[in-house]
Amino acid sequence: MKHFILIHLVLSVVVAATSAMAEDSILPLPALTPGAILTTDVTAICRPGYSKTIRHTSGKLKHQVYLEYGIDNGSGHYEIDHLIPLGIGGADKRDNLWPENRDTQPWNAGLKDRLESYLHLEVCARRIEVGVAQKAIAADWVATYRQYLGEP
């Protein structure tokens, strides 16, 4: 009986997570995408071409992320994104990946890309500490956008 209850509880969480993602695809689900950091070394992060040297997300891993979030990866409305951007030391691994919506307004993949570029420039100019930027965007990229760039 305990096993049945546990299985039922796990399935309920998965269904709730999938439903939550379908209703609000602006932020990743923390249980599935808590964020992951590879480095806080600003010298490495700010080296030209750094992100390309560590970006190796396979199609198989991207497919896994879509499945976990209950999203049809053939829809064309999503892209797999790094919650903590590679350009500010995020890791290229499962805990840092989520399907980000391209179509939601105003909060979408394009707007998050703008924030990522801003944070990279500010971290490299030493105006924002890398750890501060990493924690902020991992906690809530929309709030971080508003904090640094205002309303879209």
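In this predicted model, Val132, Ala136, Ile137 and Ala139 of helix α6 meet Trp141, Thr144 and Tyr148 of helix α7. Sorted by class, the residues of this contact comprise 6 nonpolar, 1 polar and no charged. Helix α6 covers residues 130-139, and its axis lies 5 Å from that of α7, the two helices packing at an angle of about 125 degrees. Angles over 145 degrees would count as roughly antiparallel and those from 65 to 115 as roughly perpendicular, so α6 and α7 are classed as oblique to each other.

The view can be widened from this pair to the chain as a whole. The chain contains 7 helices and 2 strands, and along the sequence these elements follow the pattern α-α-α-α-β-β-α-α-α. Of its 152 residues, 40% count as buried. Among the contacts in the chain with a separation of 6 or more, 69% are accounted for by residues 24 or more positions apart.

Returning to α6, one finds that Val130, Ala133, Gln134, Ala136 and Ile137 are buried. The buried residues of this helix pack against α2 (42-45), α5 and α7. Two of the buried residues, Ala136 and Ile137, also belong to the set through which α6 meets α7.

Helix α7 has a further partner in α5. Helix α5 spans residues 109-124 and helix α7 residues 141-149, and the two pack at an angle of about 60 degrees with their axes 10 Å apart. Because an angle of 60 degrees falls outside the range of 65 to 115 that counts as roughly perpendicular, and is not under the 35 degrees required for roughly parallel, α5 and α7 are likewise described as oblique to each other. Their crossing is left-handed. On the α5 side the contact is made by Leu111, Lys112, Arg114, Leu115, Tyr118 and Leu119, while α7 contributes Trp141, Thr144, Tyr145, Tyr148 and Leu149. By class, this contact of α5 with α7 has 8 nonpolar, 1 polar and 2 charged residues.

Thr144 takes part in both of the packing arrangements described so far, since it is listed in the contact of α7 with α6 and in that of α7 with α5. Thr144 lies in helix α7, and its relative accessibility of 3% is under the 20% cut-off, so that it counts as buried. When its neighbours within four places in sequence are left aside, Thr144 is in contact with Leu115, Leu119, Ala136 and Ile137.

A second part of the structure can be followed from strand β1, which runs over residues 78-82 and includes His82. With a relative accessible area of 6%, His82 is buried. Not counting residues up to four places away in sequence, His82 touches Arg55, Thr57, Ala91, Asp92, Asn96, Leu97, Trp98, Lys112 and Glu116. One of these residues, Lys112, also figures among the α5 residues in the contact with α7.

The side chains of His82 and Asp92 are joined by a polar contact of 2.6 Å. Asp92 is placed in the loop between β1 and β2 (97-101). In addition to its link with His82, the side chain of Asp92 reaches the backbone nitrogen of His56 at 2.4 Å. Leaving aside neighbours within four places in sequence, Asp92 is in contact with Ile54, Arg55, His56, Thr57, His82, Leu86 and Leu97. The C-alpha atoms of Asp92 and Ser58, two residues that stand 34 residues apart along the chain, are separated by 10.0 Å. Arg55, Thr57 and Leu97 are contacts of Asp92, and they are found among the residues touched by His82 as well.

Two features of the backbone, each in a loop beside α5, complete this account. Pro106 lies in the loop between β2 and α5, and the peptide bond that joins Gln105 to Pro106 is cis, with an omega of about -5 degrees. Arg126 is found in the loop between α5 and α6, where it has a positive phi of about 65 degrees although it is not a glycine. Its relative accessible area of 56% is over the 50% cut-off, and Arg126 is therefore exposed, whereas the residues followed above in α7 and β1, Thr144 and His82, are buried.

Methods
Residues are numbered from 1 along each chain as its sequence is written. This is a predicted model: local features need pLDDT of at least 70, side-chain atom pairs count only at pLDDT 80 or more; totals for chains, interfaces and linings use all residues. Side-chain values use heavy atoms; hydrogens and water are left out. Axes are lines fitted to C-alpha atoms, for helices over the stretch in contact, and angles run from 0 to 180 degrees between N-to-C directions. Helices (H or I, at least four residues) and strands (E, at least two) are DSSP runs, numbered from the N terminus. A crossing is left-handed if the near helix is turned anticlockwise from the far one by less than a right angle, and right-handed if clockwise. Contact means heavy atoms within 4.5 Å. Ala, Val, Leu, Ile, Met, Phe, Trp, Tyr, Cys and Pro count as nonpolar, Asp, Glu, Lys and Arg as charged, and the others, Gly among them, as polar. Buried means under 20% relative accessible area, exposed over 50%, partly exposed in between (1.4 Å probe, protein chains only). A polar contact is a pair of N or O atoms within 3.5 Å; within protein, one must be able to donate a hydrogen and the other to accept it, and residues adjacent in sequence count only if both atoms are side-chain atoms.
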